Amino acid sequence: NDILAKNSDVAYTNVDTLNILMGHQNNTLNIRGTSAETFITSQEGDDAVFISSDANENSETANTVGILFGWLDYIQADLHVMTGSGRHRMLISDIYSTLSKGVGSKGMAELTNKSLTKLGDGLGDIYFSAD
């Protein structure tokens, strides 16, 4: 994988907080899981964000994919996605999970225009914002 070619994975261990700053062009982000609180910040450009265990889009499929498969069970720490100026697209999928969501000690899951929270005990929350 070549990070400059924009087709690489980020692997990490023994990290409490992970900060990723994306480039100034259109970005395609496939987020399959988190084990540390993760902050992803993009800059200007039209970004596509996919959050699911099966997220595997690229710049050619990012604007046309109609459904995302997989689950959110690997989002084990909070995820913060902050996009810069531009037109953005985000798909989140838990379609194949066998774990019930929104039934933990935090109460029922909540989806707002800025977050998806209370997925369950042991799972992180997802926060998103755009300039």
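## An aromatic residue and its partner

In this predicted model, W71 has a relative accessible area of 25%, and because the partly exposed class covers what lies between under 20%, which is buried, and over 50%, which is exposed, W71 counts as partly exposed. Y74, with a relative accessibility of 45%, is also placed in the partly exposed class.

When the whole structure is searched, two aromatic pairs are found. One of them, made of F69 and Y96, is stacked, with ring centres 5.4 Å apart and an angle of 15 degrees between the planes. F69 belongs to the loop between β4 and β5, whereas Y96 belongs to the loop between β6 (89-92) and β7 (110-111), so this pair ties together parts of the chain that are 27 residues apart in sequence. W71 and Y74 form an aromatic pair that is edge-to-face, and here the centres are 5.8 Å apart while the planes make an angle of 70 degrees.

## A nonpolar patch on the surface

The two residues of the stacked pair, F69 and Y96, return in a nonpolar surface patch, which they form with I67 and I95, and the four residues together have about 390 Å² of accessible area. I67 is found in the loop that runs between β4 (48-51) and β5 (79-83).

How accessible are individual members of this patch? I67 has a relative accessibility of 45% and therefore counts as partly exposed. F69, at 34%, is partly exposed, and Y96, at 47%, is likewise partly exposed.

## Two residues in the loop between β3 and β4

Q43 sits in the loop between β3 (37-41) and β4, and its side chain takes part in polar interactions that can be traced in the structure. The side chain of Q43 reaches the backbone oxygen of M22 at 2.7 Å, and a polar contact of 2.9 Å links the side chain of Q43 to the side chain of H24. If neighbours within four places in sequence are left aside, the residues in contact with Q43 are L21, M22, G23, H24, G84 and S85.

D47 is placed in the loop between β3 and β4. Is D47 buried or exposed? Its relative accessible area is 2%, and since buried means under 20%, D47 is classed as buried. Again leaving aside neighbours within four places in sequence, D47 is in contact with Q25, N26, N27, S42, T83, R87, H88 and R89.

Definitions and conventions
Residues numbered from 1 in each chain as written. Predicted model: local features only at pLDDT ≥ 70, side-chain atom pairs only at ≥ 80, totals over all residues. Heavy atoms only, no water. Patch = residues over 30% accessible without salt bridge, like charges linked within 9 Å, V, L, I, M, F, W, Y side chains within 5 Å. Areas by Shrake-Rupley, 256 points an atom, 1.4 Å probe, with all protein chains shown as cover. Salt bridge = Lys/Arg side-chain N within 4 Å of Asp/Glu carboxyl O. Helix = DSSP H or I, 4+ residues; strand = E, 2+ residues; numbered from the N terminus. Buried < 20%, exposed > 50% of the residue type's maximum accessible area, 1.4 Å probe, protein only. Phe/Tyr/Trp six-rings, centres within 6.5 Å; stacked < 30°, edge-to-face > 60°. Polar contact = N/O pair within 3.5 Å; in protein donor to acceptor, adjacent residues only side chain to side chain. Contact = heavy atoms within 4.5 Å.
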